[in-house]
Amino acid sequence: MPHPLRPAAFVLAAGLALTGCGADVTSREDGEGGAAASDGHYPVTVENCGEKKRFDRAPERVVTNDVGITEIMFALGLEDHMAGYVMPDDKGDMTSVPWKDGYKKTTWLSKDRINKELVLDARADLVFAGWNYGFNEGEGFTPAELERVGVDSYLLSESCRNGQGKARGVMPPLEALYTDLRNLGEIFDVEDRADTLITSFRKEVADARSRAATGDDRLRVFLYDDGKDKPLTSGAYAGPHDIITKAGGDHIMKDLEDSWTTVGWETVVDRDPEVIVINDYGDTGAEEKRKFLKSYKPLAGVSAIKNDRIVVLDYVDLVESPRNPAAISSLAEDLRTFAR
């Protein structure tokens, strides 16, 4: 079963609620429906996936796609800058996170795929999504297409393409999270909130690492997302890489310069993971994935299967999201238990 967030996350939430994270949401009383710039904050320019993006005011009607992206906005307290969010209803528990009230304060626009018509109907001024997190040339939904109809976009940093075909990833996964928090802090004039989150997350990760195995004591870990003919897994630029390594594991696919990608089962067998982490989401649930892994004959000799060392984490724990630090703490405990 997925692990609950660690107490540190709830302490953070309480601190944010009491202090307002050290910043007020930018005023909208400028008479034009946008954010006032009387404090001289705007215009601001941030770098997003290698592109300089200028904002003359804080966006007012943001549409987000997917749970991790949506919760980045919630963690920053930006619900009142949102027109709503798009996500299916199979993305795990949304009731035990510090920012759960964000789901009550915003509109669930669709459980289907995000598209241009939905965005226009919502009168969005910004879409926060990513490559393969909503944006997809094959479906004609891209930042360029949105720009043609007057809607701005912000790309999830985990999804930035790196110039090698459609491979994704230009920075370590946790740095992608911190980059987006900093950028959004600038865009919405809530830098203090972003700094508070980043400081707390770095501390939680450092605490987990201080108790984690190092060197040759690290257990080899494989992330299993889905797939029977070929497994979908994480390369060096998807969230699981940093979650595994900072929890004290040795990520067996760390040499893949991509985010989410497929490999061959022979590679998995050859690298002999001692622990398998299942990504729990979608129509094929964690238990069904576990049964497949344990019954798939080519994996019978793999250490993780022989010793029944399988961990389940929710999808939102593993994609870029404010739940990543808690997932590191949770996995670190599991790896310490297995190593005893």
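Is Arg148 buried or exposed? Arg148 is exposed, with a relative accessible area of 61%. This is a predicted model, with an average pLDDT of 90 across the protein. The structure holds 21 salt bridges. Three of these pairings are set out below, followed by a helix pair and the confidence of the model.

**Salt bridge in helix α5**
- Arg148 pairs with Glu145 through a side-chain salt bridge, at 2.6 Å from N to O.
- Both residues lie in helix α5, which covers residues 143–148.
- They sit three residues apart there, so about one helical turn separates Arg148 from Glu145.
- The two partners differ in exposure: Arg148 is exposed at 61% relative accessible area, whereas Glu145 is buried at 18%.
- Glu145 counts as buried because its 18% falls under the 20% cut-off.

**Two further salt bridges**
- Arg182 and Glu175 form a salt bridge, and their closest N and O atoms are 2.6 Å apart.
- Arg182 is partly exposed, with a relative accessible area of 34%.
- Glu175 is also partly exposed, at 26% relative accessibility.
- Lys254 and Asp250 meet through their side chains in a salt bridge of 2.8 Å, N to O.
- Lys254 is partly exposed at 44% relative accessibility, while Asp250 is buried with a relative accessible area of 16%.

**A salt-bridge network**
- Lys116, Glu145 and Arg148 belong to one network, joined by salt bridges that share partners.

**Packing of helices α7 and α13**
- Helix α7 spans residues 191–210, and helix α13 spans residues 324–339.
- Their axes come within 9 Å and cross at roughly 10°.
- That angle is under 35 degrees, so α7 and α13 are roughly parallel to each other.
- On the α7 side, the contact is made by Phe201, Glu204, Val205 and Ala208.
- On the α13 side, Pro325, Ala326, Ile328, Ser329 and Ala332 take part.
- The residues of this contact comprise seven nonpolar, one polar and one charged.

**Confidence**
- A pLDDT of at least 70 is reached by 88% of the residues.
- Residues 1–38 stay under 50 in pLDDT.
- For that stretch, residues 1–38, the model has 76 contacts beyond four places in sequence.
- Where pLDDT is low, predicted coordinates should not be read in detail.

Terms used. Residues are numbered from 1 along each chain as its sequence is written. This is a predicted model: local features need pLDDT of at least 70, side-chain atom pairs count only at pLDDT 80 or more; totals for chains, interfaces and linings use all residues. Side-chain values use heavy atoms; hydrogens and water are left out. A salt bridge is a side-chain nitrogen of Lys or Arg within 4 Å of a carboxyl oxygen of Asp or Glu. Helices (H or I, at least four residues) and strands (E, at least two) are DSSP runs, numbered from the N terminus. Buried means under 20% relative accessible area, exposed over 50%, partly exposed in between (1.4 Å probe, protein chains only). pLDDT is the predictor's confidence in each residue, from 0 to 100. Contact means heavy atoms within 4.5 Å. Axes are lines fitted to C-alpha atoms, for helices over the stretch in contact, and angles run from 0 to 180 degrees between N-to-C directions. Angles under 35 degrees count as roughly parallel, over 145 as roughly antiparallel, 65 to 115 as roughly perpendicular and the rest as oblique. Ala, Val, Leu, Ile, Met, Phe, Trp, Tyr, Cys and Pro count as nonpolar, Asp, Glu, Lys and Arg as charged, and the others, Gly among them, as polar.
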